[in-house]
Amino acid sequence: MNDPKGKGDDTEVETTGHVWDGDLQELNNPLPGWWVWAFYGSVIFAVVYWFLYPAWPIGKTFTKGFETVTYTQADGKQKTVPWSTRAEFVHDMQSGPEALKQKAWLDKASQASMRQLETDPQLLDFTMKIGKRLFGDNCAACHGAGGQGVLGHYPNLTDDAWLWGGSLNTIRQTIAQGRHGFMPAFKGSFSQTEVVDLAEFVLSLSGTPGGNAAAIQRGAQIFRSDQSGCFYCHTKAGTGNRVVGSANLADKVWTIANVPGATTYTAKIAAVSAVINKGVQRQMPAWDHRLSQTEIKLLAVYVHALGVASSDA
């Protein structure tokens, strides 16, 4: 007769003694000891974790835990907060080995002039790495990852056509204080024929072929007249004025009108005429309240290196 406890044969697995339908038995397979102790350990770990770290939501808040993290704020003050992955990340970024190494280089950069940052190989290498990161985080959204800009909207930083000047100090000032580019709209101030004449003259300044000599002559008179006042900003030679950020119209570099993309002379006239009629309104924000003075200096050197170094540096 079968033993309901399953102990008649050493090879059989022990049962709990429960039998259904005469032959359906409940086997008794105990969990391995290591598994049981691992389970108990995980329970103990969870309880300890609940007390040390943020864990349970309570209404609109949560248990904060006893662990804290201290880090330095942007204003230089120390702040201690309950532990969180974000606070821990900020702490590591400020006090980790790589962070301390970077801070040492930032201290060197803050004491160096922009010229020294350009001429010292080690400082230049550090400047370009940090500058690239700063540019990607703050400037690339408008000027593009490589600084090529967007025609009609944001200037190309990789050429030598600096609207406000390309010296290190001027670039630094531009980043810190921002710029406001403005050209009034002349639609309604001139007839369509006069606008076309002006466009003819503007194109002739950069040597664009295909113009009408008589129209160019009339456009020159309008350009240099008090009626239009174009020469007040662009000068009578059309070479621009960096004090007010007016474009050089004689260098074949187009920042607003898409003249390079126009396939016919008529299309080029239309592109320039549109700018004359609509004017220009664009603004670059100031970054002196978002970036430190050292970061602005590093970024200025990086931007200066993107294109051809300006001779007025």
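Okay, let's start with Ser 204: at 25% relative accessibility, it counts as partly exposed (buried is under 20% relative accessible area, exposed over 50%, partly exposed in between, with a 1.4 Å probe and protein chains only). Before I go on, this is a predicted model, where local features need pLDDT of at least 70 and side-chain atom pairs count only at pLDDT 80 or more, while totals for chains, interfaces and linings use all residues. Residues are numbered from 1 along each chain as its sequence is written, and side-chain values use heavy atoms, with hydrogens and water left out.

Back to Ser 204, then. You'll find Ser 204 in helix H8, residues 192-205; helices (H or I, at least four residues) and strands (E, at least two) are DSSP runs, numbered from the N terminus. Its side chain reaches the backbone oxygen of Phe 201 at 2.5 Å. Ala 250 sits 46 residues away along the chain from Ser 204, with 8.2 Å between the two C-alpha atoms.

H8 also matters for my next bit, the largest nonpolar core, where H8 gives the largest share, 7 residues. A nonpolar core here is a set of buried Ala, Val, Leu, Ile, Met, Phe, Trp, Tyr and Cys residues joined through side-chain atoms within 4.5 Å. This one has 28 residues, and those touching the most other members include Leu 198, Phe 223, Ala 257 and Ile 276. H8, H9 (213-223), H10 and H11 (265-278) each supply at least two residues. Apart from that core lies another, of 26 residues, Ile 130 and Phe 135 among them.

Now the annotation. Which residues does UniProt list for "binding site"? In an unreviewed entry, they are Met 183, Cys 230, Cys 233 and His 234; positions are in the numbering used here, feature names are shortened, and annotations may be inferred rather than shown by experiment. They span 52 residues in sequence, yet no two of their C-alpha atoms are more than 10.5 Å apart, so they gather at one spot.

Take two of them. Met 183 is in strand E7, residues 179-183, and is partly exposed at 22% relative accessibility. Leaving out residues up to four places away in sequence, Met 183 touches Val 275, Ile 276, Gly 279 and Val 280, where contact means heavy atoms within 4.5 Å. Cys 230, in helix H10 (residues 230-234), is buried at 13% relative accessibility. With that sequence cut-off of up to four places, Cys 230 touches Leu 198, Phe 223 and Thr 235. Leu 198 and Phe 223, remember, are among the best-connected core members, touching the most others.

Key
A polar contact is a pair of N or O atoms within 3.5 Å; within protein, one must be able to donate a hydrogen and the other to accept it, and residues adjacent in sequence count only if both atoms are side-chain atoms.
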